[in-house]
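Please open the model in your viewer and keep the sequence panel beside it, since each stop on this tour begins with a selection.

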Amino acid sequence: MKLYAITKKICNTWNYYRGVSIIKYIYYNYISTHIVRMDKSKIIPYKYAVLDLGKTSKIYLRGNNIEIGVNRLRGSKEETRLRLKKGAIWHSNNGCRLYYGTTLEIHEKACLESRSFNINNGGVIVCTKHIVIGDDVWMGRNITIYDSDYHSILNEQGNTINKSRQVIIGDHVWLTNQIMVLKGVVIGKGTVIAPFSVVRKDIPENSMMAVKQEMAVIKKNVLWSSDRVPDWGYQNK
């Protein structure tokens, strides 16, 4: 029985790590000065995980692993991207799973604080100031989270009127799919955001948010054809 248990443990470990980039695993967990491991938690970089860690950037890792490039399709070479610019900080307090094809960027001197979360294929998180992600947060496909507009809008005096504002996502939140979360938003714990929603305002705890869209007839007595529109294409203009 003891031999069986040991063999099973070895097999489980192999199945877990067989898709991992071993060289990157060793480098980021035992050599890189950018990773500060507070306990036994590790960076798990699967194949085609790209890590770009700028000067003085730090990832403080505790509580669980950060997995980068999870669930990649067999034969796919799609990258999963993690970039921290100069002075960026990520406090990862309970681990996360970045599925293949996601992008997570933390800009200069910005701070991401997270507990446990999962983000599926096509997700984009860009932090230019401060983003907080709570515990047990699930994000479906094509989720976008920004805490900035990235380009300045100026008033008549030349002052910026669209400054970055922090985003806070509470515990046990489900962002279903095709959702954009914009700057300055607080999403209360236990909340579900329905597909194709743009979150511009705070959402209270334990609620379900959806964008109401009503169909409208904008023209009557219309016939359509599969033929191309005459002079189709820019070059024919």
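The tour below goes from the whole chain to the sheet, then to the core, and finally to the surface and the loops.

**The whole chain**

Begin with everything selected, bearing in mind that this is a predicted model. The chain contains two helices and 22 strands, and of its 237 residues 40% count as buried. Among the contacts with a separation of 6 or more, 34% are between residues 24 or more positions apart. The chain exposes about 15,300 Å², of which carbon and sulfur atoms supply 54%.

**The open sheet**

Next, select strands S3, S6, S9, S12, S15, S18 and S21, which in that order make up an open sheet of seven strands with parallel pairing. The edges are formed by S3 (49–53) and S21 (198–199), each of which pairs on one side only.

Now narrow the selection to S9, residues 103–106, together with the strands that pair with it. S6 (residues 80–84) pairs with S9 in the parallel sense over four bridges, and S12 (residues 124–127) likewise pairs with S9 in the parallel sense over four bridges. Leu-104 is a convenient residue to centre on: Leu-104 is the bridge partner of Leu-82, and Leu-104 also stands opposite Ile-125 in S12.

With the side chains of S9 displayed, which residues point one way and which the other? Thr-103 and Glu-105 point one way, Leu-104 and Ile-106 point the other way, and all of these are buried. In a regular strand the side chains alternate between the two faces of the sheet.

Further along the sheet, select S15 (residues 143–146) and S18 (residues 179–181), which run parallel and are joined by three bridges; here Ile-145 has Val-181 in S18 as its bridge partner.

**The nonpolar cores**

Select Trp-90, Phe-117, Met-139, Ile-145 and Leu-175, the residues that touch the most other members of the largest nonpolar core, which has 42 residues. S3 gives the most to this core, with three residues. Apart from it lies another core, of six residues, among them Tyr-25, Ile-44, Val-70 and Tyr-99.

Then centre on Trp-90 and display what surrounds it. Leaving aside residues up to four places away in sequence, Trp-90 touches residues including Leu-82, Leu-84, Leu-104, Ile-106 and Phe-117. Its contacts also include Lys-58, Tyr-60, Cys-96 and Ser-114. Leu-104 thus returns here as a contact of Trp-90, having already appeared as the residue opposite Ile-125.

**A nonpolar patch on the surface**

Switch to a surface view and select Ile-22, Ile-26, Tyr-27, Tyr-30 and Ile-31, which form a nonpolar patch on the surface with about 510 Å² of accessible area together. Within this patch, Tyr-27 lies in helix H2 (residues 22–30). Is Tyr-27 buried or partly exposed? Tyr-27 counts as partly exposed because its relative accessible area is 37%, which falls between the limits of 20% and 50%.

**Two loop residues with positive phi**

Finally, select Asn-71, in the loop between S5 (66–70) and S6, where phi is near 65°, a positive value in a residue other than glycine. Asn-71 counts as exposed because its relative accessibility is 52%, and the cut-off for exposed is over 50%.

The last selection is Phe-196, in the loop between S20 (192–193) and S21. Phi of Phe-196 is near 65°, a positive value in a residue other than glycine, and Phe-196 is exposed, with a relative accessible area of 57%.

Notes. Residues are numbered from 1 along each chain as its sequence is written. This is a predicted model: local features need pLDDT of at least 70, side-chain atom pairs count only at pLDDT 80 or more; totals for chains, interfaces and linings use all residues. Side-chain values use heavy atoms; hydrogens and water are left out. Buried means under 20% relative accessible area, exposed over 50%, partly exposed in between (1.4 Å probe, protein chains only). Two strands pair if DSSP finds at least two bridges between them. Patches are made of residues with over 30% relative accessible area and no salt bridge: like charges are joined within 9 Å, nonpolar side chains (Val, Leu, Ile, Met, Phe, Trp, Tyr) within 5 Å. Accessible areas come from the Shrake-Rupley method with a 1.4 Å probe; for residues, only the protein chains shown count as cover. A salt bridge is a side-chain nitrogen of Lys or Arg within 4 Å of a carboxyl oxygen of Asp or Glu. Contact means heavy atoms within 4.5 Å. A nonpolar core is a set of buried Ala, Val, Leu, Ile, Met, Phe, Trp, Tyr and Cys residues joined through side-chain atoms within 4.5 Å.
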